[in-house]
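Hello,

Here is the structure I promised to pass on to you. Have a look at it first, and then read on for what turned up in it.

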Amino acid sequence: MLQRAATETLTEQLAGRFAARIRDRLLAPGTRLPSVRQCAAQHQVSPSTVVAAYDQLLAGGLVEARRNRGFYVRDWARKVPPALAESAQAATESRAAVDPTEARRLSAPISAATLMRGMFGADGKPQPGMGVLPPDWLDNDFMAAALRRAASGSGLRDSSVRYGDPRGDPQLRQVLAARLQAQGIAATPAQIVTTVGATQALDIVSRTLLKPGDTVMVEEPGWSVEFARLSALGMRLLPVPRGPDGPDLAVMARYCEAHAGTAQAPRLFVSVSVLHNPTGYSLSAASAHRMLQLAQQRDFHIVEDDTYHHLAPEHATRLAQLDGLARTIYVSGFAKILAPAWRVGFLAAPPDLVEPLMDTKLLATLTTPSLLERALAQCIEQGHLRRHAERVRAGLDAARIRSVRLAQSAGCTFMSEPAGMFGWIDTGVDTEPLSLRMLDEGYLLAPGALFHAQRAPSTLMRINFATTQEAAFWTKLQRARAALAA
């Protein structure tokens, strides 16, 4: 809340708060600021204070007034003079130094980029909208022991003075191939390329198979960061509704038919088959079979993102199982379950794509950290990862039960059967203004608009079951919902 005894006036505090959020892209260009009446009620100040604060933002070039419509955020990073931008940044840093709570609030997931920034909050406070498990869930003793063993003898020297195998550590690729084969995915070590996390694997595939202007089909709702990444590469996104059994195949077929024989024909489809983010849905075998038939008929590849593999049911259906890595490129990693800072991911690809994918990796990172990869291989080989994943799944099962009960008690409705790490809930109010209200309470939300290729108002939001165990959060959410609905 604004501080009436502070050295800054209420107008300066309010203007500074909006300026900081605009600078950090917590308020995206084109976002409409709350009406004067709404803002005054929310911050418990007079309407004249709000008008004065908005006038300061207008004078500073951060917002623009639209006749009879209100105030909207400008694309100030491009349009504002450098001196003004530096002044806004300095003001934000000054406020953060005085008020640590404000610094934490600047990480709220209001855009794809700030959703990721929220993962790196300095205080480590678990947040409802975050896409990772809390650090204490991942804590263990075996990783340090494995790293010591990997560095023993000549291991540290060898991994420090020379580049490792660009394809990835041979031991890890051998272990990963065995694990995939146990899942029914016919992959050899030669088909596996390690990456700096699953995110880089997705990026390598995109840069190898696509060029700016190409068309990519994406699941909707889907991962906001993937939408932003593909858009930044200049790709044209075609959203495909995601249902309980998989993507809407009729929509995919219509896209393919509409653009058949043209440069806009879909080249790629990106899918999270198991424990889909944000709905928790898992692909059915029948849907997977029909999807692969369509990919073969219409000549496009499928990227299967299996990021949540370690949290998934034992016998969940994967596309890569059914097509033997013919049309499917399988991507996974370990950040969700183990050592997120190690940034170890991988892809398994059709044999004819391995070398082109390798070329892209070489241009991006040359190689990957062989010492960490070797330590991870030992964690897998010795069963440490498997036992750790079992403990995490058990904890998540218990957390999910509690979180569902708290959410329902707060008047929220689950749009899909709760599963995995995330819940997809309907709050009954637009979750973008709800996110801003909860930001003032110190909570970072993931509003539903972020999970659509074309941002639009939504009453939905994604919650993390592991980080929504606090009854106080749900009480404040309920109050904020009531205030918005009034």
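Searching the whole structure, which is a predicted model, turns up 18 salt bridges. As background, side chains of opposite charge can pair when their charged atoms come close.

Let's begin with a pair of neighbours. Arginine 157 and aspartate 158 join their side chains in a salt bridge, with 3.3 Å from N to O. Arginine 157 has a relative accessible area of 53%, so this residue is exposed. Aspartate 158 comes out at 26% and is therefore partly exposed.

Next, find glutamate 257 and arginine 298, whose side chains form a salt bridge at 2.5 Å, N to O. This pair ties together distant parts of the chain: glutamate 257 belongs to helix H14 (residues 249–258) and arginine 298 to helix H15 (residues 285–298), 41 residues apart. Arginine 298 has 33% relative accessibility, so it counts as partly exposed.

A third salt bridge connects aspartate 306 with arginine 318, and their closest N and O atoms are 2.9 Å apart. These two residues are 12 residues apart, in the loop between S8 and helix H16 (319–323). Are they buried or exposed? The cut-off for buried is under 20% relative accessible area. Aspartate 306 has 2% relative accessibility, so it is buried. Arginine 318 is also at 2%, so it counts as buried.

Salt bridges can also link up into a network, as they do for Asp203, Arg207, Glu226 and Arg229.

Now for the sheets. One is an open sheet of 8 strands with mixed pairing, and its order is S3-S10-S9-S8-S7-S4-S5-S6. At its edges are strand S3 (192–196) and strand S6 (246–247); each has a single partner strand, so one side of each has no neighbour in the sheet. S3 runs antiparallel to strand S10 (residues 344–348), and 5 bridges join the two. If you want a spot to zoom in on, valine 196 has valine 344 in S10 as its bridge partner.

Two helices are worth tracing against this sheet. Helix H12 (residues 197–209) lies across S3, strand S7 (268–271), strand S8 (301–305), strand S9 (328–333) and S10, at about 115 degrees to S3. Helix H17 (residues 351–365) lies across S3, S8, S9 and S10, at about 25 degrees to S3.

Threonine 365 is a good place to stop in helix H17. Its relative accessible area is 30%, so threonine 365 is partly exposed. Which residues does threonine 365 contact, leaving aside neighbours within four places in sequence? They are Val196 and Gln200. Glutamine 200 is 165 residues away along the chain, yet the C-alpha atoms of the two residues are separated by 9.8 Å.

On the surface, Tyr163, Leu362 and Leu366 make a nonpolar patch of about 320 Å². Tyrosine 163 sits in the loop between helix H10 (155–161) and helix H11 (170–182). With 64% relative accessibility, it counts as exposed.

Finally, there is an open sheet of 4 strands with antiparallel pairing, in the order S11-S12-S14-S13. Strand S11 (413–414) and strand S13 (446–447) are the edge strands, each pairing on one side only. S13 is joined to strand S14 (residues 460–464) by 2 bridges, the two running antiparallel. There, proline 447 stands opposite methionine 461 of S14.

Enjoy exploring!

Best wishes

Note on methods:
Residues are numbered from 1 along each chain as its sequence is written. This is a predicted model: local features need pLDDT of at least 70, side-chain atom pairs count only at pLDDT 80 or more; totals for chains, interfaces and linings use all residues. Side-chain values use heavy atoms; hydrogens and water are left out. Two strands pair if DSSP finds at least two bridges between them. Contact means heavy atoms within 4.5 Å. Axes are lines fitted to C-alpha atoms, for helices over the stretch in contact, and angles run from 0 to 180 degrees between N-to-C directions. Patches are made of residues with over 30% relative accessible area and no salt bridge: like charges are joined within 9 Å, nonpolar side chains (Val, Leu, Ile, Met, Phe, Trp, Tyr) within 5 Å. Accessible areas come from the Shrake-Rupley method with a 1.4 Å probe; for residues, only the protein chains shown count as cover. A salt bridge is a side-chain nitrogen of Lys or Arg within 4 Å of a carboxyl oxygen of Asp or Glu. Buried means under 20% relative accessible area, exposed over 50%, partly exposed in between (1.4 Å probe, protein chains only).
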